[in-house]
Amino acid sequence: QVQLVESGGGLVQAGGSLRLSCAASGNILSINAMGWYRQAPGKQRELVALISSGDSTTYADAVKGRFTISRDNAKKTVFLQMNRLKPEDTAVYYCNALLRERGRLGPWRYWGQGTQVTVSS
């Protein structure tokens with residue numbers, strides 16, 4: 001079974017920074033893309049940032065220039081460095097991975113349990 005475990009969320013004042021981490025574990029053969037999504041109360045889940053196996057990155061317009069996604073392939077971990085945070089960044093942040101498992105056709109998409117990020121004004 002594959003698990004994605006996030007950490008690093010919390011409460012921060014506007015203008016501050018947080019760094020999220022997401023570690024994948026389990027019967028993993030290879031990881032394609034990894035990414036971060038977020039969902040604010042009453043809103044749909046939206047893409048924040050993606051990073052491919054070749055380290056190509058994609059960002060939502062709302063976070064460009066403030067957030068940076070990176071990954072450590074050896075540790076099967078993806079990071080999201082969030083700088084100059086704004087109250088509108090408040091949401092539950094979810095890690096996502098598209099990966100292949102040993103002995104199972106795929107790829108398959110997995111989600112983490114989510115971590116709360118709250119930015120006070």
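In the predicted model, residue T115 is in contact with E6, G9, L20, A91, V92 and Y93, when neighbours within four places in sequence are left aside. T115 belongs to strand β11, which spans residues 115-120. With a relative accessible area of 11%, T115 is buried, because the limit for that class is under 20%. A polar contact accompanies this burial: the side chain of T115 reaches the backbone nitrogen of G9 at 3.4 Å. G9 is thus listed among the contacts of T115 and is also the residue whose backbone nitrogen the T115 side chain approaches at 3.4 Å.

Two further contacts of T115, E6 and L20, lead to the strands of an open sheet. This sheet is formed by 4 strands in the order β1-β3-β8-β7, with antiparallel pairing. Strands β1 (3-7) and β7 (67-72) occupy the edges, and each has a single partner strand, so one side of each is left without a neighbour in the sheet. On average, and with direction ignored, neighbouring strands of the sheet are turned by 15 degrees against each other. Strands of a sheet pair through backbone hydrogen bonds, in either a parallel or an antiparallel arrangement.

The pairings can be followed across the sheet from β1. Strand β1 is joined to β3 (residues 18-25) by 5 bridges, and the two run antiparallel; within this pairing, Q3 stands opposite S25 of β3. Strand β3 in turn pairs with β8 in the antiparallel sense over 6 bridges, and here R19 is found opposite Q81 of β8. The antiparallel pairing of β8 (residues 77-82) with the edge strand β7 likewise comprises 6 bridges. In this last pairing, R71 has V78 of β8 as its bridge partner.

Charged side chains provide a second set of links, and the model contains 5 salt bridges. Two of them involve R38, which is buried at a relative accessible area of 7%. One connects R38 to E46, with the closest N and O atoms 2.8 Å apart; E46 counts as partly exposed, at 38% relative accessibility. The other connects R38 to D89, where the closest N and O atoms are 2.9 Å apart. R38 lies in strand β4 (residues 28-39) and D89 in the loop between β8 and β9 (91-101), so this pair ties together parts that are 51 residues apart in sequence. D89 is itself buried, with 1% relative accessibility. Through shared partners, salt bridges join R38, E46, R66 and D89 into one network.

A further salt bridge is found where the side chains of D61 and K64 meet, at an N to O distance of 3.1 Å. D61 counts as exposed, at 66% relative accessibility, whereas R38 is buried and so is D89.

Terms used:
Residues are numbered from 1 along each chain as its sequence is written. This is a predicted model: local features need pLDDT of at least 70, side-chain atom pairs count only at pLDDT 80 or more; totals for chains, interfaces and linings use all residues. Side-chain values use heavy atoms; hydrogens and water are left out. Two strands pair if DSSP finds at least two bridges between them. Axes are lines fitted to C-alpha atoms, for helices over the stretch in contact, and angles run from 0 to 180 degrees between N-to-C directions. A salt bridge is a side-chain nitrogen of Lys or Arg within 4 Å of a carboxyl oxygen of Asp or Glu. Buried means under 20% relative accessible area, exposed over 50%, partly exposed in between (1.4 Å probe, protein chains only). A polar contact is a pair of N or O atoms within 3.5 Å; within protein, one must be able to donate a hydrogen and the other to accept it, and residues adjacent in sequence count only if both atoms are side-chain atoms. Contact means heavy atoms within 4.5 Å.
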